[in-house]
2 protein chains.
Amino acid sequence: MTEISRRNLLTGAAALSAGTAIGGFAMSPAMAAAPPAGKQAPGFYRYKVGDIEITVVTDGTTRFKFADTHVTNKTRDEVNAAQVEAFQEKDMMTTPYNPVVVNTGSKLVVIDTGTGEANFQRSKGATGQFQTNLATAGIDRNAVDMVVISHFHGDHINGLLTADNKPVFPNAEILVPAAEWKYFMDDGEMSRAPEGRMQEVFKNLRRVFDALGRKVSQYEPNKELAPGLTAISTPGHTPGHCSHVVSSGSAKVYIQGDVTHVPHLFARHPDWHAFYDQDPKVAEATRRKVYDMLAAERMMVQGFHYPFPSVAFVEKAGTGYREVPVPWNPMI
Amino acid sequence: MTEISRRNLLTGAAALSAGTAIGGFAMSPAMAAAPPAGKQAPGFYRYKVGDIEITVVTDGTTRFKFADTHVTNKTRDEVNAAQVEAFQEKDMMTTPYNPVVVNTGSKLVVIDTGTGEANFQRSKGATGQFQTNLATAGIDRNAVDMVVISHFHGDHINGLLTADNKPVFPNAEILVPAAEWKYFMDDGEMSRAPEGRMQEVFKNLRRVFDALGRKVSQYEPNKELAPGLTAISTPGHTPGHCSHVVSSGSAKVYIQGDVTHVPHLFARHPDWHAFYDQDPKVAEATRRKVYDMLAAERMMVQGFHYPFPSVAFVEKAGTGYREVPVPWNPMI
């Protein structure tokens with residue numbers, strides 16, 4: 001049907017029915033709608049912290065059946081009750097991965113890198129989106145000056161490498177927490193680590209950093225890494241885990257890394273121990289300290305495992321905390 | 001600086017500092033970062049309801065100093081307390097506008113149309129974004145089969161016209177609630193309406209529908225307007241205000257129109273009367289009925305004045321309800 005005949009047909013139909021009530025869709029001309037687009041919007045979001053521009057660039061989400069030990073000190077039934085309370089699926093965990101890019105005005109800094117490009121094919125596009133979304137956000141990976149790593153789990157470091165194990169950020173200095181490097185690069189620690197997941201963590205980080213010729217700069221907490229970007233020691237999830245505060249004028253955001261895993265479980269219940277927390281008691285103490293501060297200061301938090309765009313405020317709620325997503329701003 | 005020399009400089013610097021702790025950013029080569037992008041991500045979001053594809057297409061947000069009468073039965077101090085509780089600004093209201101597009105497979109349906117293209121210049125791009133975001137979402141306005149209007153306030157109908165008062169959807173049937181048409185097109189009702197805002201509402205809707213030659217189809221509630229799309233009478237905000245349920249298989253979403261204005265005030269406090277509610281008592285009764293149902297059925301709600309992408313679940317909280325945003329899904 002041509003554009004013209006379609007228009008005539010429609011305005012004719014509309015004219016006939018003007019001022020009369022219709023009860024169904026029988027009067028609508030029988031035409032196929034446009035095919036479903038089937039394609040999500042690009043996965044990035046921008047906001048300002050004072051003069052600094054933050055771009056959240058999602059790497060995607062994983063959905064998986066969680067193990068009985070997913071929360072090591074709670075039963076599946078207790079976890080499922082929390083899932084239902086948060087309108088999440090029973091028995092299934094959806095985990096988002098959200099690296100950020102900080103443009104300080106003089107430095108272009110990536111904080112954490114996602115699950116890696118190689119994961120895109122493997123996951124059928126569910127994860128490994130970081131590089132694609134970065135390009136869509138108009139950020140050239142060759143222009144990145146600095147990559148700051150919070151800790152050495154694969155979903156934070158694998159995105160340092162392309163699918164063929166080349167550096168994703170060839171012109172960037174790679175900054176890693178000194179305590180993380182000291183612990184995980186110690187072959188004695190590796191030899192004493194339990195079989196299974198912990199051995200995999202040690203092996204994977206060697207794979208990644210060896211491919212980069214171990215060319216990294218180690219950083220200490222409480223130091224400014226770039227103008228307005230300061231590292232904070234937040235151990236427990238891993239021995240050298242660091243968070244990062246972006247500050248400009250009176251504005252601040254706390255980029256928490258994995259101080260909590262998904263907030264609907266671990267911000268609401270800070271005493272719940274995620275399978276991923278290497279030292280659960282230290283992780284819990286860190287979590288309470290950080291979240292007490294976030295709630296008291298009413299400071300924005302950017303959470304790697306929060307739902308995209310993963311920026312929220314935190315309020316005290318019950319025996320824990322609750323995340324209040326920052327409303328999406330269609331401007332910057 | 002060329003790409004090559006930049007790379008050399010950086011890998012050199014990184015090699016020097018490998019294995020050594022750095023205290024600041026003095027070692028980073030002095031290079032200007034990429035300029036800030038300054039541009040937000042495209043304002044659309046997709047999800048499926050069974051076989052039906054929904055695209056939320058934002059028209060933007062307005063930020064304004066609210067009047068003492070913004071909530072007619074509450075003081076400014078009470079409203080400000082609720083603003084602070086929800087991490088919103090004191091004295092300033094940010095109102096999002098989020099039309100949706102429903103692709104049923106056989107019909108491409110727009111529900112409400114935003115503040116209008118003419119508003120884009122006037123608001124310096126803060127609102128009037130609907131047409132641009134629609135195009136970015138890959139939806140051709142000429143392919144739209146049907147536009148369903150919830151009620152006759154300007155932020156829902158002005159987007160029917162281009163900046164030069166031509167139809168935005170030249171091939172679409174325009175469906176309006178029969179009760180809304182009966183009331184607002186009655187010149188007697190217009191003559192009895194108070195001066196000021198109510199007269200403006202009557203004048204504006206005549207401006208819009210006259211430009212369309214009053215070629216509309218009136219619809220009754222509890223009827224299917226397109227496959228899977230049913231209208232529900234939800235009066236109070238305006239006399240003929242309608243909401244819409246999209247249903248496919250066991251999946252449903254309740255497209256509420258203005259059953260609540262911004263949820264952090266009017267879902268949390270269903271007894272608060274928005275300045276915009278024409279019959280506040282009826283609006284409150286409708287609000288309680290709809291929100292009791294949403295909470296009991298655990299049904300998703302799509303809220304025109306919710307923050308983009310404006311799709312949430314609803315839980316009972318205190319003396320009212322609280323919205324729980326549906327996590328962003330980077331796939332569809």
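## Exercises on a predicted two-chain model

Ala317(A) counts as partly exposed because it has 13 C-beta neighbours inside 10 Å; a residue is called buried if 20 or more other C-beta atoms, placed from the backbone, lie within 10 Å of its own, exposed if 12 or fewer, and partly exposed in between. The model is predicted, so local features need pLDDT of at least 70 and side-chain atom pairs count only at pLDDT 80 or more, whereas totals for chains, interfaces and linings use all residues. Residues are numbered from 1 along each chain as its sequence is written, and chains are lettered from A and ligands numbered from 1 in the order in which they are written.

**Exercise 1. Place Ala317(A) in its surroundings.**

Begin with the secondary structure: Ala317(A) belongs to strand β16 of chain A, where helices (H or I, at least four residues) and strands (E, at least two) are DSSP runs, numbered from the N terminus. Next, list the contacts, which are pairs of residues whose C-beta atoms, placed from the backbone, lie within 7 Å. Leaving aside residues up to four places away in sequence, Ala317(A) touches Arg268(A) and Arg322(A). Finally, look along the chain: Ala267(A) is 50 residues away in sequence, and its C-alpha atom is separated from that of Ala317(A) by 9.5 Å.

**Exercise 2. Describe the seven-stranded sheet of chain A and find its edges.**

First, read the order, which is β11-β12-β13-β14-β15-β16-β17 (chain A) in an open sheet with mixed pairing; two strands pair if DSSP finds at least two bridges between them. The edges are β11 (224-226) and β17 (320-325) of chain A, each of which has a single partner strand, so one side of each is left without a neighbour in the sheet. The twist from one strand to the next averages 35 degrees, with axes being lines fitted to C-alpha atoms, for helices over the stretch in contact, and angles running from 0 to 180 degrees between N-to-C directions.

Then take one pair in detail: strands β13 (residues 242-248) and β14 (residues 251-257) of chain A run antiparallel and are joined by five bridges, with Ser248(A) standing opposite Ala251(A) in β14(A). Last, add the helix: α10 (residues 280-297) of chain A lies across β14, β15 (300-303), β16 (311-317) and β17 of chain A, and runs at about 100 degrees to β16(A).

**Exercise 3. Locate the pairing of β11(B) with β12 of chain B.**

Start from the sheet of chain B, an open one of seven strands in the order β11-β12-β13-β14-β15-β16-β17 (chain B), with mixed pairing. Strand β11(B) and strand β12 (residues 229-233) of chain B run antiparallel and are joined by two bridges, and Ala226(B) stands opposite Leu229(B) in β12(B).

**Exercise 4. Identify the residues that touch the most other members of the largest nonpolar core.**

A nonpolar core is a set of buried Ala, Val, Leu, Ile, Met, Phe, Trp, Tyr and Cys residues joined through C-beta atoms within 7 Å. The largest one has 154 residues, of which Val109(A), Val147(A), Val109(B) and Val147(B) touch the most other members. Beyond four places in sequence, the residues that Val147(A) touches include Leu160(A), Phe169(A) and Ile174(A).

**Exercise 5. State how confident the prediction is in chain A.**

Chain A averages a pLDDT of 91, and 90% of the residues score at least 70, pLDDT being the predictor's confidence in each residue, from 0 to 100. Over residues 1-30 of chain A, however, pLDDT stays under 50. For the model, the scores are ipTM 0.89 and pTM 0.90.

Notes. Two residues are in contact if their C-beta atoms, placed from the backbone, lie within 7 Å.
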